[in-house]
Amino acid sequence: AGDGHIDLTSVRGEQHRILARHIILATGDRTVSVRGARIDHELVLDPGSALSAVYLPRTLAVVGHSAAAIEMAGLFAALGTETRLIVSGTTVLPDADESLREGFLTAFKAAGGVVLWRHKVVRSGKDGEGGARCTVRHNQTGEEQTFDVDRIIVAARREATGRSLGLESVGVTRNEAGLIEVDAHFRTASPGIY
């Protein structure tokens with residue numbers, strides 16, 4: 001509500017107002033769908049729903065270059081799943097040490113994993129046999145390829161949750177990636193909110 005006040009509504013509908021000198025936002029985050037592959041938790045999964053699946057997929061496509069994408073691709077390839085990693089650029093783990101990138105790629109390829117460099121998902125849907133059909137396009141040549149997999153995991157980007165909290169009305173802003181903007185001391189633009 002501003003000025004250190006937080007208005008809460010309990011699950012029973014009771015209204016409460018709390019006053020605090022310092023407020024810490026710990027809303028968590030969620031995986032964001034990519035154009036062409038909307039997360040539905042059935043055929044197109046996020047890392048959380050992929051790890052709670054009741055069976056190990058035979059074939060899989062993983063979208064992204066982040067730590068979460070690398071974790072999913074490496075884990076499932078090591079478990080014997082035929083895994084394709086779809087990367088829009090030319091590197092994985094861009095903020096990591098080169099030896100980590102090379103170590104992952106060596107292990108991933110040794111487990112039978114395939115990396116589709118400079119590709120983006122343009123379409124996904126049902127394959128008619130209980131799995132997913134995935135179409136990717138090469139960023140430079142425009143060449144498309146379509147393949148069927150049991151599941152697709154999207155782990156390309158995450159954004160902060162909590163859009164329903166009305167944080168913008170008290171001066172808390174988000175950047176282009178959907179993350180709450182903070183300074184080097186984790187302060188938001190609103191005094192007292194971290």
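**Group meeting: a walk through the predicted fold**

Let me begin with Leu93, which at 16% relative accessibility counts as buried, where buried means under 20% relative accessible area, exposed means over 50% and partly exposed lies in between, with a 1.4 Å probe and protein chains only. Leu93 sits in the loop between strand 6 and helix 3, and its phi is near 45°, a positive value in a residue other than glycine.

Before going on, I should say that this is a predicted model, in which local features need pLDDT of at least 70 and side-chain atom pairs count only at pLDDT 80 or more, while totals for chains, interfaces and linings use all residues. Residues are numbered from 1 along each chain as its sequence is written, and side-chain values use heavy atoms, with hydrogens and water left out.

Now the chain as a whole. It contains 3 helices and 12 strands, these being DSSP runs numbered from the N terminus, with H or I over at least four residues for a helix and E over at least two for a strand. The C-alpha atoms fill a box of roughly 55 × 40 × 30 Å along the principal axes, and of the 194 residues, 36% are buried. If we take contacts, meaning heavy atoms within 4.5 Å, and keep those with a separation of 6 or more, 48% of them join residues 24 or more positions apart. The accessible surface comes to about 11,500 Å², with 52% of it belonging to carbon and sulfur atoms; this area comes from the Shrake-Rupley method with a 1.4 Å probe, and for residues only the protein chains shown count as cover.

Next, the parallel sheet. Here 5 strands form an open sheet in the order 4-11-5-6-7, with parallel pairing, and two strands are said to pair if DSSP finds at least two bridges between them. At the edges are strand 4, residues 44-45, and strand 7, residues 114-117, each of which pairs on one side only. Which residues of strand 11 are buried on its two faces? Arg151 and Ile153 on one side, and Ile152 and Val154 on the other, are all buried, and both faces of strand 11 are thus covered. Strand 11 pairs in the parallel sense with strand 4 over 2 bridges, where Val44 stands opposite Ile152, and also with strand 5 in the parallel sense over 4 bridges, where Val62 stands opposite Ile153.

Further along the sheet, strand 6, residues 82-87, runs parallel to strand 7 and is joined to it by 4 bridges, with Leu116 of strand 7 as the bridge partner of Ile86. Helix 2, residues 67-78, packs on this sheet and touches strand 5 (59-63), strand 6 and strand 11 (151-154), its direction making about 160° with that of strand 6. For such angles, axes are lines fitted to C-alpha atoms, for helices over the stretch in contact, and the values run from 0 to 180 degrees between N-to-C directions. Helix 3, residues 98-110, lies across strand 6 and strand 7, running at about 125° to strand 7.

In the loop between helix 3 and strand 7 we find Gly113, which counts as buried because its relative accessibility is 8%. Leaving aside neighbours within four places in sequence, Gly113 is in contact with Thr83 and Phe108, and its C-alpha atom is separated by 6.5 Å from that of Glu82, 31 residues apart along the chain.

The second sheet is antiparallel: 3 strands form an open sheet in the order 8-9-10. Strand 8 (119-126) and strand 10 (144-149) stand at its edges, each with a single partner strand, so one side of each has no neighbour in the sheet. The twist from one strand to the next averages 25°. Strand 9, residues 132-138, pairs with strand 10 over 6 bridges in the antiparallel sense, and Arg133 stands opposite Asp148 in strand 10.

Finally, the N-terminal part. Asp3, in the segment before strand 1 (5-9), is exposed, with a relative accessible area of 75%, and its phi is near 50°, a positive value in a residue other than glycine. Strand 1 and strand 2 form a hairpin with 5 residues between them, and Gly13 in the turn has a positive phi of about 90°. The two strands pair in the antiparallel sense over 5 bridges, with His16 of strand 2 as the bridge partner of Leu8. How many of the 5 residues of strand 2 are buried? The count is 0, and strand 2, residues 15-19, is hardly covered.
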